[in-house]
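Here is a quick walk through the model in front of you, going from its empty spaces to its covered parts and then to a few backbone oddities. Keep the viewer open as you read.

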Amino acid sequence: MKNRTVSIWISVCVLLIPVTALSATKCYWDSGLLQFSGGAVQQALCLTPDIDANGVVREFEKGLPPTLDELVGREFDFSPEAVEGYVAAYGLRAKELGGALNLRVSRARGKSAIFFVLHDSGGPDFGIRTFSPDIDVSPHINNMRQFGRRWHVIIDRSGNSTTLIDFFQPLRSTYFEAHDDGAKAKGRFLHVGLIQPIRTNAGDAVETHKVMIPQPAYTDAQYRRLSQVYVAASSRAGRWLIPAYAAQLNRYGNAPVSLGGPKGFDLAVWGNALRDVYREIYSGH
């Protein structure tokens with residue numbers, strides 16, 4: 001474990017540390033470096049704006065939550081043995097976390113993956129019916145095979161996950177990666193889907209097709225498992241990955257802004273879940 005782990009450990013324990021506000025302006029793609037402009041934290045801010053229930057990109061965050069602000073883009077802190085020990089201690093399996101922990105992540109033109117892209121499933125679609133009370137546990141709603149192989153990993157609302165495509169394998173899953181300069185970057189992006197059913201407001205179903213999502217948009221169990229998958233992916237990359245939202249990448253690929261999500265995602269809640277997982281690894285589980 002690197003010496004700087006202690007300083008990170010202190011900062012992730014103090015939740016009320018103010019984070020320096022950074023201007024999250026439009027990201028510009030550098031086709032030579034195969035990344036967006038700015039440092040890792042700046043890229044994360046630019047790629048994780050608020051996404052409303054209809055998938056529309058709204059305001060940018062003024063700063064990342066403390067844990068993410070401290071970690072994103074920096075050298076990974078824990079040894080492979082520490083991560084493997086954590087996985088074993090919590091009864092996790094590699095096939096739940098993106099594949100074998102001893103394999104590297106995908107590459108594009110020799111450059112390792114650096115983006116950790118979050119998607120919502122956009123379904124199952126309830127139509128104009130209200131959400132059933134069992135959406136977090138229903139085997140039908142949480143069937144992780146119903147969406148095909150659109151992402152590397154999918155996480156259901158109970159916090160279960162499975163690997164659809166190993167993080168070792170390059171995958172395109174946004175409009176940006178399929179068009180123009182972004183097409184050259186296949187392998188720089190790792191993709192994770194979060195199951196989120198949707199429904200339509202019956203009052204405007206015909207006219208506007210306004211989408212409605214559950215509240216909360218994602219469960220605590222999903223945020224925790226997402227943190228564990230993020231740790232596994234970052235361990236394999238050797239660096240804490242840069243979070244990104246699919247809707248923002250789709251926007252840069254000139255796709256409809258309603259595609260990809262993750263609708264209603266709360267970075268602060270995820271930051272707290274990641275802090276807890278970090279603490280568990282640091283303290284030896």
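The largest cavity holds about 40 Å³ of space. This is a predicted model, and the structure has one cavity of 30 Å³ or more. Which residues line the largest cavity? They are Val83, Tyr86, Val87, Leu97, Gln228, Val231 and Ala232. Helix 4 (80-89) and helix 6 (220-237) each give at least two residues to that lining. By class, the lining of the largest cavity comes out as six nonpolar residues, one polar and no charged.

The largest pocket has a volume of about 210 Å³. Its lining is made of 13 residues, and Asp120, Arg150, Asn250, Leu259 and Gly260 are the ones nearest the centre of the pocket. If you sort the lining of the largest pocket by class, you get three nonpolar, seven polar and three charged residues.

Here are the two spaces next to each other.

| Space | Volume | Nonpolar | Polar | Charged |
|---|---|---|---|---|
| Largest cavity | about 40 Å³ | six residues | one residue | no residues |
| Largest pocket | about 210 Å³ | three residues | seven residues | three residues |

Asp120 from the pocket list also belongs to a strand, so to speak of it properly we need that strand. Strand 5 covers residues 115-120, and six of its six residues are buried. How do its residues point? Phe115, Val117 and His119 go one way, while Phe116, Leu118 and Asp120 go the other way. That fits a general pattern: in a regular strand the side chains alternate between the two faces of the sheet.

Now for the partners of strand 5. Strand 8 (residues 189-194) runs parallel to strand 5, and six bridges join the two. One of the paired residues is His119, whose bridge partner in strand 8 is Gly193. Strand 11 (residues 242-245) also pairs with strand 5 in the parallel sense, over four bridges. There, Val117 has Ala244 as its bridge partner.

Helix 2 (residues 40-47) is another mostly covered element, with seven of its eight residues buried. The buried ones are Ala40, Val41, Gln43, Ala44, Leu45, Cys46 and Leu47. What covers them? The cover includes strand 5 and strand 11 again, along with strand 2 (35-36), helix 3 (66-71) and helix 7 (246-252).

Phe176 is worth a click too. Phe176 sits in helix 5 (residues 175-178), and its relative accessibility is 7%, so it counts as buried, the cut-off being under 20%. Leaving out neighbours within four places in sequence, Phe176 is in contact with Trp29, Phe36, Gly182, Ala183, Phe189, Leu249, Tyr252 and Gly253. Phe176 and Ala255 lie 79 residues apart in sequence, yet their C-alpha atoms are 8.2 Å apart in space.

A few backbone details remain. The peptide bond from Gly123 to Pro124 is cis, with omega near 0 degrees, and Pro124 is found in the loop between strand 5 and strand 6 (153-155). Another cis bond runs from Gly261 to Pro262, with omega near 5 degrees. Pro262 is in the loop between helix 7 and helix 8 (267-282).

Leu34 has a positive phi, near 55 degrees, although it is not a glycine. Its place is the loop between strand 1 (29-30) and strand 2. Arg109 likewise is a residue other than glycine with a positive phi, near 55 degrees, and Arg109 lies in the loop between strand 3 (107-108) and strand 4 (111-112). Are these residues buried or exposed? Leu34 has a relative accessible area of 2%, so it is buried, whereas Arg109, at 65%, is exposed.

Finally, the whole chain. The protein chain has eight helices and 11 strands, and 52% of its 285 residues count as buried. Take the contacts between residues at least 6 apart in sequence: 71% of them join residues at least 24 apart. The chain exposes about 12300 Å², and carbon and sulfur atoms supply 52% of that area.

How values were computed:
Residues numbered from 1 in each chain as written. Predicted model: local features only at pLDDT ≥ 70, side-chain atom pairs only at ≥ 80, totals over all residues. Heavy atoms only, no water. Buried < 20%, exposed > 50% of the residue type's maximum accessible area, 1.4 Å probe, protein only. Pairing = 2+ DSSP bridges. Contact = heavy atoms within 4.5 Å. Areas by Shrake-Rupley, 256 points an atom, 1.4 Å probe, with all protein chains shown as cover. 1 Å grid on protein atoms, 1.4 Å probe; cavity = no way out; pocket = protein on both sides within 12 Å on 5 of 7 lines; lining within 4 Å. Points joined across faces, edges and corners; volume = space filled by probe spheres on them. Nonpolar A, V, L, I, M, F, W, Y, C, P; charged D, E, K, R; others polar.
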